[in-house]
Structures are given as structure tokens and as C-alpha cells.
Amino acid sequence: MPPLEEYIEEIEGLWDSHILTNMGQKHRELEEKLKRYLGVRHISLMVNGHMALELAIQAMNLTGEVITTPFTFASTTHAIVRNGLKPVFCDINSEDYTIDVSKIENLITEKTCAIVPVHVYGNICDVDQIREIAVRHGLKVIYDAAHAFGETYKGKGIGNFGDASIFSFHATKVFNTIEGGAVSYSNEDYGIDLYRLKNFGIRGPETVDFVGANAKMNEFQAAMGLCNIRYVDGEIEKRKFVFHCYMERLKDLPGLSLPLQQKKVKNNYAYFPIVVWEKEFGKTRDIVFEALAKENIYSRKYFYPLTNTYDCFEGQFDVKSTPTAVHISQRVLTLPMYADLTENQVDKICEIIRKEARC
């Protein structure tokens with residue numbers, strides 16, 4: 001969170017204008033700043049990241065099947081299903097946990113309309129190969145980039161890949177607007193449909209030519225974003241320090257897989273996942289989780305369970321079709337990661353993990 005006085009100063013003018021929502025001055029200002037920061041041509045702000053994805057899919061008028069991954073947050077799968085589309089789950093690769101591009105084409109049928117890959121923990125999908133597949137088969141690509149704010153690949157902002165990318169500005173993310181999200185896109189006409197969808201289909205005082213929803217970002221959210229964007233580079237640098245502290249202290253432990261550092265990717269250090277291989281490490285992921293919890297250290301089994309195993313989808317999907325995702329989900333643990341985490345706190349977390357390995 002930014003300094004309280006700074007946020008108060010940012011919102012003070014709202015008491016004069018009384019414009020609290022409906023694409024006000026703060027909203028427009030944040031859009032411009034985000035376009036520059038993310039290096040994208042067009043962006044549409046949303047009330048949250050889930051609505052960004054749901055409306056990004058809806059704006060493309062898709063029907064049929066969408067290839068995606070179950071190794072993700074609930075929102076990715078739910079946005080597909082809530083649009084009346086069928087998710088077809090592709091396995092992940094075991095190195096960076098993103099969609100396994102070698103398995104996508106085997107899942108394409110005459111009903112396939114799009115691919116929704118997920119950049120996981122800030123790890124970037126194989127965007128080059130996905131583009132080739134999409135072009136070859138005439139498919140749309142919408143990236144779930146909720147974990148990838150501010151990242152670049154080969155010097156290019158990550159929001160430039162695919163037909164669209166969605167970002168989450170939830171309070172837990174590297175950059176937040178309390179709640180919030182955005183869709184970046186290259187086709188200007190697509191932006192018109194996104195605008196109509198997020199604003200009840202309203203195009204003018206007397207024109208409603210679309211059946212839309214209400215997904216507008218309000219001025220208080222935008223004001224938080226305007227404050228936080230001033231600090232985001234510094235916050236990422238602090239996270240980078242924490243990341244490398246973890247790497248140094250855990251690098252020699254057998255049975256732990258540490259985060260892959262991808263080439264040609266400028267990272268945002270959003271997460272620090274470890275994968276616990278019980279045979280070599282000596283303990284299961286769940287035992288490490290409990291050991292940390294006993295010391296009031298809250299790690300996350302993220303992502304577990306897989307979305308294709310949710311109770312709400314019982315009997316609909318064959319989890320055996322994504323064995324690598326199953327294997328990783330049962331062993332992955334994301335450790336505390338935030339800019340103000342101190343070196344001493346990292347030492348304590350790592351010592352608990354090392355102690356479990358020695359027991």
C-alpha cells in the first residue's frame with residue numbers, strides 16, 4: 001500500500017468532482033500510465049481480473065471448445081465455462097509449469113475456437129510456438145497474464161502477445177488497485193466491444209446496442225493504482241532481493257525444485273514456488289506446509305487442487321489426461337513472497353525447511 005497521505009491526496013479531488021466511477025479522470029489517467037508502463041497499444045480497465053478474462057473471451061464471440069490448463073486459479077476455468085464454452089485441458093510441462101505446447105495440437109478438433117494459456121508464477125508460456133499453432137489452425141489466443149504484470153519477453157511487453165492478455169490488479173499482486181484488472185489488445189475494434197460489455201452495452205446517452213455487464217473500474221481503485229505505479233519498480237527490486245535470498249539458502253537441498261529463471265524474460269518476482277520430491281527430500285509437501293504453519297508462516301499449495309478436479313465439475317473431466325499437472329500440484333508450495341519480507345524472515349523460513357529435510 002502507498003503512504004496513506006499520498007492516497008488521501010490522490011482521492012481528495014473526488015469530493016469536489018463527485019465523479020466516483022464511469023470512466024472518470026483517474027480511470028483515464030491510469031489507462032494512459034499503464035499503456036506506457038506495459039508497453040501496449042490499447043488497454044481496457046476492469047473492476048477485477050476475473051471480469052477482464054470473462055469479457056475478453058465474450059468480446060470474441062467464441063463458441064465450442066477452448067484449450068487451456070488446469071494448473072491455474074479457479075478464475076481461468078470459470079471464465080471459460082461461464083461463457084458457455086467447454087474447457088479442454090492440456091497438460092503442463094515440468095520445467096516452468098506452463099502449458100505443454102507439444103500437446104496442444106493433439107487436442108484441437110473442429111470445435112476448437114481458442115487457446116487460453118496461463119503465465120504461471122511469472123513464468124512465460126512459449127508464446128512463439130503458441131502463435132504458430134494458433135495461426136496454423138485459425139485459433140484465437142487469450143493469455144491469462146495475472147501473474148505477469150510488468151514482465152517482458154525479448155524486450156517486448158508481455159501484454160502484446162496473442163489476441164489479448166488479461167492482468168489482475170488484486171491486492172495480492174505485484175501491482176494492485178485494491179481489486180481490479182485489465183485487458184490489453186492490439187485490434188482497436190476489439191476495444192469497442194470490451195467497452196460495451198463492461199458498461200451495460202451503452203454507447204451513448206440514447207444508444208444501447210449491446211447486451212453488456214457492469215465491470216467498470218471505479219475512481220478509488222484507479223487512484224490506488226496511480227499511487228502504486230510510482231512504486232512498482234522499487235517493489236519488484238525488493239522482491240528480486242528476496243527471491244535470490246531464497247535461491248541461495250535452498251539451492252543445495254536435495255529433493256527441492258526451485259524456480260526456473262527463464263532466458264529473455266524480465267521477471268517480476270511475483271512468486272517463489274518450490275516442488276518437494278518426497279523420496280529425495282525425506283518429507284512430503286504437506287509436512288513442510290504444516291511445519292511452516294506451526295510457526296505462523298503461511299505458504300500456499302498453489303495450485304492445488306487442479307481446476308479439472310473441482311467438485312463443481314465432478315465427473316466432467318479425466319484428470320488422467322494431465323498427469324504432469326497432477327504430479328506438480330501434489331508437491332508444489334509457494335513460499336511467502338513480498339517486498340517487505342526481511343532477510344532474517346527468509347532465514348527463518350528456510351531454516352524450518354532445512355530442518356524438515358534433516359529430520
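Which strands does α5 lie across, and at what angle to β3 does it run? This is a predicted model, so local features need pLDDT of at least 70 and side-chain atom pairs count only at pLDDT 80 or more, while totals for chains, interfaces and linings use all residues. Residues are numbered from 1 along each chain as its sequence is written, and side-chain values use heavy atoms, with hydrogens and water left out.

**View 1. Helix α5 rests on the seven-stranded sheet.** Here's the reply to the opening question: α5 lies across β2 (65-68), β3, β4 (112-116) and β5, at about 140° to β3. (Helices, H or I with at least four residues, and strands, E with at least two, are DSSP runs numbered from the N terminus; contact means heavy atoms within 4.5 Å; axes are lines fitted to C-alpha atoms, for helices over the stretch in contact, with angles from 0 to 180 degrees between N-to-C directions.) The sheet is open, its pairing is mixed, and its strands follow the order β1-β9-β8-β5-β4-β2-β3. At the edges stand β1 (42-46) and β3 (86-89), each with a single partner strand, so one side of each has no neighbour in the sheet. From one strand to the next, the twist averages 25°.

**View 2. Strands β5 and β8 run side by side as a parallel pair.** β5 (residues 140-144) is joined to β8 (residues 164-168) by 3 bridges; two strands pair if DSSP finds at least two bridges between them. Look for Tyr143, which sits opposite Ser165 in β8.

**View 3. Helices α4 and α5 cross.** The axes of α4 (residues 49-58) and α5 (residues 74-82) come within 9 Å, and they cross at roughly 35°. From α4, the residues that join in are His50, Leu53, Glu54 and Ile57, and they meet Ser75, Thr76, His78, Ala79, Ile80 and Arg82 in α5. Sorted by class, that contact has 4 nonpolar, 4 polar and 2 charged residues. (Ala, Val, Leu, Ile, Met, Phe, Trp, Tyr, Cys and Pro count as nonpolar, Asp, Glu, Lys and Arg as charged, and the others, Gly among them, as polar.)

**View 4. Helices α9 and α11 lie across a three-stranded sheet.** This open sheet is antiparallel, in the order β12-β14-β15. Its edge strands, β12 (256-257) and β15 (332-335), each pair on one side only. β14 (residues 272-276) and β15 share 4 bridges, and Phe272 faces Leu335 in β15. α9 lies across β12, β14 and β15, at about 25° to β14. α11 (residues 285-294) lies across β14 and β15, at about 25° to β15.

**View 5. The largest pocket has a volume of about 480 Å³.** (On a 1 Å grid over the protein atoms alone, a pocket is an open set of points with protein on both sides within 12 Å along at least five of seven lines, a cavity is a set where a 1.4 Å probe fits but cannot get out, and lining residues have an atom within 4 Å of a point; points are joined across faces, edges and corners, and a volume is the space filled by probe spheres set on them.) Of the pocket's 21 lining residues, Met1, Lys173, Val174, Asn176 and Glu235 lie nearest its centre. α9 gives the most to the lining, with 4 residues. Overall, the lining has 13 nonpolar, 3 polar and 5 charged residues.

**View 6. The largest cavity fills about 80 Å³.** Among its lining residues are Tyr97, Tyr121, Phe243 and Pro273. That lining has 9 nonpolar, 3 polar and no charged residues.
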